[in-house]
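Visitor: I would like to learn how to read a protein structure, one feature at a time. Where should we begin?

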Amino acid sequence: MITDPWTDKLSEYLDGELNESERAALERHLAACPACTTTLADLTRVVARARALPAPPPTGDLWPGIAARLAAGRAPERRPRDRARR
């Protein structure tokens, strides 16, 4: 399967993460590539639907554990962030 090298940039474009020259180059490409234009439209719909989903309530109150650690003179434990989530 041959993939368009611009396909990997579509999410970054949608998120506003491309620099000005990359954005301009991608927009020129989009003007001539119906496949990427369709993919971008699909991604745009997915993002809009995801943003419309209700945020689930927290599963538990973290403050009691934090307060207990602070009262005991210990800083809360830090866990590595999951960079895949945005």
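**Reading the structure, step by step**

Guide: Begin with the burial figure: buried residues make up 10% of the 86 residues in the protein chain. Keep in mind that this is a predicted model.

Visitor: How many helices and strands does the protein chain have?

Guide: The count is four helices and zero strands. Read from the N terminus on, the order of elements is α-α-α-α.

Visitor: What does the surface of the protein chain consist of?

Guide: About 7700 Å² is exposed, and carbon and sulfur atoms supply 56% of that area.

Visitor: How should I read a nonpolar core?

Guide: The general idea is that in soluble globular proteins, nonpolar side chains tend to be buried together. In this model the largest nonpolar core has seven residues: Leu-10, Leu-18, Leu-26, Leu-30, Cys-33, Cys-36 and Leu-40. At least two residues of this core come from helix H2 (20–32), and at least two come from helix H3 (34–52).

Visitor: Which residues does Leu-26 touch, not counting those up to four places away in sequence?

Guide: Leu-26 is in contact with Trp-6, Lys-9, Leu-10, Tyr-13 and Leu-18. Two of these names, Leu-10 and Leu-18, also belong to the core.

Visitor: What share of the contacts with a separation of 6 or more joins residues 24 or more positions apart?

Guide: In the protein chain that share is 40%.

Visitor: Now the packing of helices. How is that described?

Guide: Two packed helices are described by the angle between their axes and the distance between the axes. For H2 and H3, the angle is about 110 degrees and the axes are 6 Å apart. Angles of 65 to 115 degrees count as roughly perpendicular, so H2 and H3 are roughly perpendicular to each other.

Visitor: Which residues of H2 and H3 meet?

Guide: From H2 there are His-29, Leu-30 and Ala-32, and they meet Pro-34, Cys-36, Thr-37 and Leu-40 from H3. Leu-30, Cys-36 and Leu-40 appear in the core list too.

Visitor: Next, charged side chains. What is the idea behind a salt bridge?

Guide: Side chains of opposite charge can pair when their charged atoms come close. The count here is four salt bridges. One of them joins Arg-45 and Asp-42, with 2.3 Å from N to O. Both residues lie in helix H3, three residues apart, which is about one turn of the helix.

Visitor: How exposed are Arg-45 and Asp-42?

Guide: Arg-45 is partly exposed, with a relative accessible area of 48%. Asp-42 is also partly exposed, at 37%.

Visitor: Which residues are joined into one network by salt bridges that share partners?

Guide: That network consists of Lys-9, Glu-12 and Glu-22. Between Glu-12 and Lys-9, the closest N and O atoms are 3.9 Å apart. Lys-9 also forms a salt bridge with Glu-22, at 3.5 Å from N to O. This second pair links distant parts of the chain, 13 residues apart: Lys-9 is in the segment before helix H1 (10–14), and Glu-22 is in helix H2.

Visitor: Are the members of this network buried, partly exposed or exposed?

Guide: Glu-12 is partly exposed, with a relative accessible area of 28%. Lys-9 is partly exposed at 26%, and Glu-22 is partly exposed at 26%.

Definitions and conventions
Residues are numbered from 1 along each chain as its sequence is written. This is a predicted model: local features need pLDDT of at least 70, side-chain atom pairs count only at pLDDT 80 or more; totals for chains, interfaces and linings use all residues. Side-chain values use heavy atoms; hydrogens and water are left out. A nonpolar core is a set of buried Ala, Val, Leu, Ile, Met, Phe, Trp, Tyr and Cys residues joined through side-chain atoms within 4.5 Å. Buried means under 20% relative accessible area, exposed over 50%, partly exposed in between (1.4 Å probe, protein chains only). Contact means heavy atoms within 4.5 Å. Accessible areas come from the Shrake-Rupley method with a 1.4 Å probe; for residues, only the protein chains shown count as cover. A salt bridge is a side-chain nitrogen of Lys or Arg within 4 Å of a carboxyl oxygen of Asp or Glu. Axes are lines fitted to C-alpha atoms, for helices over the stretch in contact, and angles run from 0 to 180 degrees between N-to-C directions. Angles under 35 degrees count as roughly parallel, over 145 as roughly antiparallel, 65 to 115 as roughly perpendicular and the rest as oblique.
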